[in-house]
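Q: I should like a close look at one part of the predicted model shown below. Please treat it in one connected account.

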Amino acid sequence: MTELPVAHPIASPQPGAAEYPGLDAWRDLPVVQQPTWADSEVHRAAVSELSSLPPLVFAGEVDLLRQRLADAAEGKAFLLQGGDCAETFEGATADKISARVRTILQMAVVLTYGASLPVIKMGRMAGQFAKPRSSNDETREGVTLPAYRGDMVNGYEFTPESRAHNANRMVQAYHTSASTLNLIRAFTQGGFADLRLVHHWNKGFTANPAHSRYESLAREIDRAVKFMDACGADFDALKRVEFFASHEALVLDYERALTRIDSRTGLPYGTSGHFLWIGERTRQLDGAHVDFLSRVRNPIGVKLGPTSSADDALRLIDKLDPQREPGRLTFITRMGAGNIREKLPALVEKVTASGAKVLWVSDPMHGNTVTSPNGYKTRNFDDVIDEVRGFFEVHHALGTFPGGLHVEMTGDDVAECLGGADPIDQHAFLERYESVCDPRLNHMQSLEMAFLVAGALGKRP
Ligand code: PEP
Ligand code: MN
């Protein structure tokens, strides 16, 4: 089956089309990685329903995030962005969501201490339901079906019914995002994020003998928390944290239908999440994704893999951030541990020389995917850490700021990535490999990464 770009009828009325006709310019541009919806009536109905549903995020929050990211681009904050490779409808349970938020908060406390900077907390959550794929099809035992493209498009189950692209799934993705975001907001505003509680959880991590090498850092944090307490810090205020939602803006029907014109500013905002990123496979300069995202006010990320040239980066800046607005553009580099020290310097140097102020973030996952001897898609914890170290080394050498981490992680005790201090080996995959797409760091590996990166940020050995 070959992938055909869909001729997208505009399911009218698309929000803001009259004021901003450019929001639909992408429909005439080359577009890749889009679903081929089977039934156009269903498709039209789903798009018009999405067009009239309330926004998931508020423009004021999006503006606040842009300011926070501007701080990070200037070296005054650090971004932690984490979550599943692919969220699933089935996985949107209270237990799994709370474990993921909890793990991100735990990592953030350690990183805040290591960096002595505020950490911007952001989930790959409440919208990460669509996946780009390198092949349109998947063959199992002689049967070929469309590849799984994320729950927003089709089901993971390997049957013709499940793998058919179904536009109604976009509506379900919206509702699942809404309930996920609702729980995240409740947790992060309602007491779950209390610094003392999060610190207490981290003490549990270092109590494990496998993690004893991190005890001294945990003790330092303990003393800092006690010191704050003795000074009369307002721990009640520290019960609430800002938490932002992000996902890859892949399915343009969905993103376009959830675009709204903000009544305060009169400008278009993508309201499916606070931060939207363009993936490595959809960042074509003249393609639909770059065009569409150039027209919304959200902070935008772009993944940059090992084939990215400095010229690509400069042209992306011209398209996506022509005003050179602080916080608007984040480059998420995913070069691979073996490439980062060689490929990143030229990009950073030329972008810096151009005067643009982007935020540089490391995704140490996507350049380090391998297949285990027993056939699972995996990543070695050591490679992941090595790419982060390379990212820091390059920025330190150039005098630029390594502004954040983008990781695929979960709060659950899964076995998908190899290694770590309490090591996972490939045999554990048979029982505890749950991801429907890329392998994630489990709860322990995620915390270990935070302790290692905090050490590097604080320039400890
Ligand atoms: C992802 O973030 O899951 C992804 C597909 O990344 P990339 O676009 O960098 O390959
Ligand atoms: Mn992934």
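Which backbone oxygen does the side chain of Gln-128 reach, and at what distance?

A: In this predicted model, the side chain of Gln-128 reaches the backbone oxygen of Cys-85 at a distance of 2.8 Å. Gln-128 itself belongs to the loop that runs between strand E2 (119–123) and strand E3 (137–140). Its relative accessible area is 0%, so Gln-128 counts as buried, the limit being under 20%.

The loop between E2 and E3 also holds Ala-126. Although Ala-126 is not a glycine, its phi is positive, at about 60°. Ala-126 is buried as well, with a relative accessible area of 1%.

The partner of Gln-128 leads directly to the metal site. Cys-85 supplies its SG atom as a donor to the manganese ion (ligand 2), and the other protein donors are His-366 (NE2), Glu-408 (OE) and Asp-438 (OD). These donors lie 2.1 to 2.5 Å from the manganese ion. Along the chain, the donor residues follow the spacing C-x280-H-x41-E-x29-D. Within this set, His-366 sits in the loop between strand E11 (359–362) and strand E12 (370–371), while Glu-408 is part of strand E14 (residues 402–408), so the two tie together parts of the chain that are 42 residues apart in sequence. With a relative accessibility of 17%, His-366 counts as buried, because the limit is under 20%. Glu-408 has a relative accessible area of 0% and is likewise buried.

The metal site and the surroundings of ligand 1 share residues. Cys-85, His-366 and Glu-408 are among the residues that surround ligand 1, and each of these three is also a donor of the manganese ion. The other residues around ligand 1 are Arg-124, Lys-131, Pro-132, Trp-277, Gly-279, Glu-280, Arg-281, Lys-303 and Arg-334. Polar contacts to the oxygen atoms of ligand 1 involve both side chains and backbone. A polar side-chain atom of His-366 is 2.9 Å from an oxygen atom of ligand 1, and a polar side-chain atom of Glu-408 is 3.0 Å from an oxygen atom of the ligand. In the case of Glu-280, a polar backbone atom lies 2.8 Å from an oxygen atom of ligand 1. On its own, ligand 1 has 290 Å² of accessible area, and the protein covers 98% of this. The space that ligand 1 takes is the largest pocket.

Another positive phi may be set beside that of Ala-126. Arg-324, which is not a glycine either, has a positive phi of about 55°. Arg-324 lies in the loop between helix H10 (310–320) and strand E10 (329–333). Its relative accessible area of 35% makes Arg-324 partly exposed, whereas Ala-126 is buried.

To return to the request, Gln-128 is a buried loop residue whose side chain reaches the backbone oxygen of Cys-85. Cys-85, in turn, is a donor of the manganese ion through SG and one of the residues surrounding ligand 1.

Note on methods:
Residues numbered from 1 in each chain as written. Chains lettered and ligands numbered in written order. Predicted model: local features only at pLDDT ≥ 70, side-chain atom pairs only at ≥ 80, totals over all residues. Heavy atoms only, no water. Donors = N, O, S within 2.8 Å, 3.2 Å for Na, K, Ca; no water. Helix = DSSP H or I, 4+ residues; strand = E, 2+ residues; numbered from the N terminus. Buried < 20%, exposed > 50% of the residue type's maximum accessible area, 1.4 Å probe, protein only. Near = heavy atom within 4 Å. Polar contact = N/O pair within 3.5 Å; in protein donor to acceptor, adjacent residues only side chain to side chain. Areas by Shrake-Rupley, 256 points an atom, 1.4 Å probe, with all protein chains shown as cover. 1 Å grid on protein atoms, 1.4 Å probe; cavity = no way out; pocket = protein on both sides within 12 Å on 5 of 7 lines; lining within 4 Å. Sits in = over half its atoms within 2 Å of the grid points.
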